[in-house]
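Okay, thanks everyone, let's get going. Have a look at the model on the screen, and I'll talk you through the core, the sheets and the charged pairs.

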Amino acid sequence: MRNTIFSWLFLIPLFQILLGTGVVLVSGQCLADQRSLLLQLKKSLKFSPSSSTKLVSWNQNTDCSSWKGVSYDRTGYVIGLDLNSESISGKFNSSSSLFSLQFLQSLNLAFNNFNSSQIPPGFRNLASLTYLNLSNSGFAGQIPIELSRLTRLVTLDLSNLYFLKVRPLLLQNPNLAMLVQNMTDLTQLYLDGVNVSARGYDWCQAISSSLPNLGVLSMSNCYLSGPIDSSFAKLRSLSVIRLDRNNLSAPVPQLLADLKNLTALHLISCNLNGVFPAKIFELPALQTLDVSSNGLLKGSLPEFNHDRPLQTLVLSYTNFTGALPYSFGNLGMLSRLDLSNCNFSGPIPNSMANLTQLVYLDMSSNKFTGPIPSYWMSKNLTHLDLSRNALSGPLLSTNFEGLRDLVYIDLRFNAFNGSIPSSLFALPTLQKIQLSNNHFDGQLDEFSKATLSMLDTLDLSSNKLQGPIPKSFFNLKRLNILLLSSNNLTGTIHVVTLRRLGNLTTLDLSYNNFSIETSGSNSSLSSALPRITTLNLASCNLKNFPDLRNQSRMFMLDLSNNQIGGEVPNWIWNVGNGSLNYLNLSRNFLVNLEEPYVMSPGLSVLDLHSNHLGGNIPVPPQSATYVDYSLNNFSSSIPGNIGNNLTIAVFFSLSNNHLIGSIPDSICNASYLQVLDLSTNSLSGVIPSCLIESIPSLGVLNLGRNNLRGNISRTFPSSCGLRTLDLHDNLLEGMLSESLANCKMLEVLNLGNNKISDNFPCFLRNCSNLRVLALRSNMFRGGIECDKANESWSKLQIVDIASNFFTGNLPPKCFLTWSAMMTDEDDAQAQLNHLRFEFLQLTGFYYLDTVTVTNKGLDMELVKILTVFTSIDVSNNRFEGDIPDNIGVLKSLYVLNLSHNALTGSIPSSMGNLTQLGSLDLSANKLSGPIPAELASLTFLSVLNLSYNHLSGRIPAGRQLQTFSDDSYEGNEGLCGSPLNRSCNSDETAGSSTPTIAQKHSHSKAEVNWDDISAVLGYVVGLGVIVVPLMYCERWRDWYYKYADQVVFRILPQQKQARRRHGRRVREIRFY
């Protein structure tokens, strides 16, 4: 879009030059009456003498033939008047002396400001006009019918640049047909920005029937609709078509391929659909083709011959697919190529090295693979963007050899590896290098002439670079932005070395292995970096706050994940002199805020989570949109007026503190909240009903693990936008309100461990997005079979209704409709992701849902719920009857717990189809018969409990079932064979007495961060090996959190690429 605007700005004066060449310019004495009329015109116009270059030369004491902007014929009559860009303002009417210049053939009043006045009808007097340009001159309102009398017009320009936000001209009464019906000589028509509001048939017929000689049609942003009518084919002389930003909502017509004189076709952002006609690429005179920003437009690139004159090809933001043909290199005249944000794939052909005239190349956000070709023959190349693809291989110095005009290079979000050639930094005109989110490794070499470099942006973040930062980097005197975060860089950086980067405005050194020395008399960052606005030093081994007291421009400051202890100094709130917008001090060892303090009035993001802060809760400033105080030691009550300072906040978390008291009603004043997390505290009282009834934007409400009492709200509004409602581990009672069904976007419902007494919530049948249903440890009763309700929960992945009073049979149809549990392994891994709620979407912030599942008597909190993790737990209820045989369709199920019920019959052999099953508990039922041999094929099974049933026969042999202890089979007198010490050939039974069913496993608690975990990672290692250390050793937990992603990405490398393509996530706001 930006490029289109600049193209317009360039072309308009060019058109004025070209179109004005028909005016005869002569010298000599002009006629007295013409001179008088011109002086009257000047007197009537308001203009700025300091800005004028033409009107100021109209002096009655000089020969009028020398006046600028005026041309005459041989007899002295004025035939041309060019007053464009003369800063003329105000209005003029039909009595103006302008309309007495009856011999006038060319009039240009473009780029002035007539203050939204209407075009005066007096233009009818200028019957000799062949050229009229009123573009961008501030006229507004209906175009008068009098313009239609200018029958000699060859060029008419009434356009207005749409981005100037002026009142538009209207062409409705008269309409387009009435305006042009007598202009049969017209060859160039510019109506851009004029509100024509016509249907496809009408505007096409109006033009094709009246303008047979039309060569240029420019009607961008005219409120035209489509489709383009077949009558358009009559315009055989058309060379330029520009219809950008009209809602044509139709395919590109094939008839355009028959316009052999066409040199330029612009159909930007027209809501085009269908398949683009490939024959248009073959038009013999076509130089410019731009159909960008039409997301529904499909197509592919054909083969290209050597004789194609194409110079500009822009297909960005369309749905063009396929590979680039090798013949693409035949487009020897191509200077601008923009294929960004399409769906092209395959390698970039080496033939592109033949595009010697190439100046601008953007192929970003596609699916290109393989190495990049050398562009050494494209000596004129200034802009190169191949970011967000799947390109790989090393970068060679020959790739960019000789590109002495290159200004911009962007290769972010690919899979390039190897070292970065130092010659890239030495290109003389290069200003921006962006190579982040690749696999570059090794050390960065020094390079010469750093002090002469034009570099202002250098982004090497999120790679695998090692060693120290080259000294050359600190000689880049013009550098504004330096991003080196998330590498393996080492060494110590002294503040004094940063002084050489005096123009630096953004510095990000986060997440490396070096230290920053901020102590000493010459270590003030404020004096070293006087222009700095963004400073990110997360995980830089800082032990103290760097001195930023005199920093006056700071906008963003990130000191998270360091070793800073003690107080938060009160001077930090004055950093930036009130301009500080983002402050992240999370994951340090801070204990309190130094008094007195007044928070920065412009602070929008305040992140203090994971410290040791105690005492009273600091009230955030009224400008705050994101506030995170979680995982601290705050022990006070929530300030009663805190909601008055959260009126524009979208995220607020006080979770995992020691808060007491009730939830203040003022929190409901935060009417824009999307996430409210007060979980894991000691809050009491009732839940304010306004939380649910008065905040329609709320997407996540987590009040779990408190001491809240009373009923859940009886009124969920029809506008309910909740996606997560987590109230588990409280003292809530009563029944669920059926108005909860208004929350149609609900994905996570966790009401476990309360005192709710109700039937199964069949009324949630319309919540088709439901993924997690946790009702465990309440007093729910009755059956769980619903009419049509279960059929709508196709995304359900975690069902936990354990420890209630449910009765009846397990409904077979549930298992046939829970589609999310039926996904094949390959499909499940392809969709590997976390269940999360995104907010402030332009920033990448998101909230990760949590839920607790029980496995082998152990409660495990899934702090990050994979969208492929599936679990069913109906244990400790009163279900009876057979286990439905169709349970075998749930082939992606990981955890199945049917224990402690009254189920009868045999274990279905179809359970052998549950190939992803890692935990199976059928204990304490009344199951009988043999153990199906198919269970021996469940190779991922690491937890098995079949105890206390009436099973009989030999335990199936194999490498799986014999790996479990006797406990998995005890209480089944009829079972024999390994691992039991009971031979199937003997009538003797085990001598040891068996414990009773009532001797249940004790429950313990562990927090497991299942970060991108898969079945292999979760169960092969074994719960016993992983969980216990995670319970009792903080170092193990930290190690696990750090490396879980890496393990999964080695198992599923395609997921790493998918994560990288999705975009960079801000580390400091991932929620644990």
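**The core, then outwards**

So, the largest nonpolar core has 275 residues, and the members that touch the most others are L81, W203, F232 and F652. By nonpolar core I mean buried Ala, Val, Leu, Ile, Met, Phe, Trp, Tyr and Cys residues joined through side-chain atoms within 4.5 Å. The largest share of this core, 4 residues, comes from helix α4, residues 200-210. Helices here are DSSP runs of H or I with at least four residues, strands are runs of E with at least two, and both are numbered from the N terminus.

Before I go on, two housekeeping sentences. This is a predicted model, so local features need pLDDT of at least 70 and side-chain atom pairs count only at pLDDT 80 or more, while totals for chains, interfaces and linings use all residues. Residues are numbered from 1 along each chain as its sequence is written, and side-chain values use heavy atoms, with hydrogens and water left out.

Back to F232. Which residues does F232 touch, not counting those up to four places away in sequence? They are W203, C204, L217, L238, I241, L255 and L256, where contact means heavy atoms within 4.5 Å. There's also a second, separate core of 7 residues, and Y582, V605, F651 and V675 are among them.

Staying with α4: its buried residues are G200, W203, C204, A206, I207, S208 and S210. Buried is under 20% relative accessible area, exposed is over 50%, and partly exposed is in between, using a 1.4 Å probe and protein chains only. The cover over those buried α4 residues includes α3 (176-180) and β9 (216-218).

Zooming out for a second: the chain has 13 helices and 67 strands. Of its 1072 residues, 57% count as buried. If you take contacts with a separation of 6 or more, 60% of them are between residues 24 or more positions apart. The chain exposes about 42300 Å², with carbon and sulfur atoms supplying 50% of that; the areas come from the Shrake-Rupley method with a 1.4 Å probe, and for residues only the protein chains shown count as cover.

**Two open sheets**

Now the strands. One open sheet has 10 strands, in the order β12-β14-β16-β18-β20-β22-β24-β26-β28-β30, and the pairing is parallel. β12 (273-275) and β30 (488-489) are at the edges with a single partner strand each, so one side of each has no neighbour in the sheet. Two strands count as paired if DSSP finds at least two bridges between them. β12 and β14 (residues 294-299) run parallel and are joined by 3 bridges, with N273 opposite L296 in β14.

Further along there's an open sheet of 7 strands, β51-β53-β59-β61-β63-β65-β66, with parallel pairing. What stands at its edges? That would be β51 (781-782) and β66 (974-976), each with a single partner strand, so one side of each is left without a neighbour in the sheet.

Let's walk through part of that sheet. Parallel strands β53 (residues 805-808) and β59 (residues 878-882) are joined by 2 bridges, and G808 has F879 in β59 as its bridge partner. From β59, 3 bridges lead to β61 (residues 902-905), again running parallel, and G881 is opposite L903 in β61. Then β61 connects to β63 (residues 926-929) through 2 bridges, also parallel, and there T904 stands opposite K926 in β63.

**Charged pairs**

Last topic. How many salt bridges does a search of the whole structure find? It finds 8, counting a side-chain nitrogen of Lys or Arg within 4 Å of a carboxyl oxygen of Asp or Glu.

R199 pairs with D202, with the closest N and O atoms 3.2 Å apart. R199 is exposed at 57% relative accessible area, and D202 is partly exposed at 33%.

In another one, R412 and D410 have their closest N and O atoms 2.8 Å apart. Is D410 buried or exposed? D410 is buried, with a relative accessible area of 0%, whereas R412 is partly exposed at 22%.

Then D547 bridges to R549, closest N and O atoms 3.4 Å apart. And R776, D800 and D873 are joined into one network by salt bridges that share partners.
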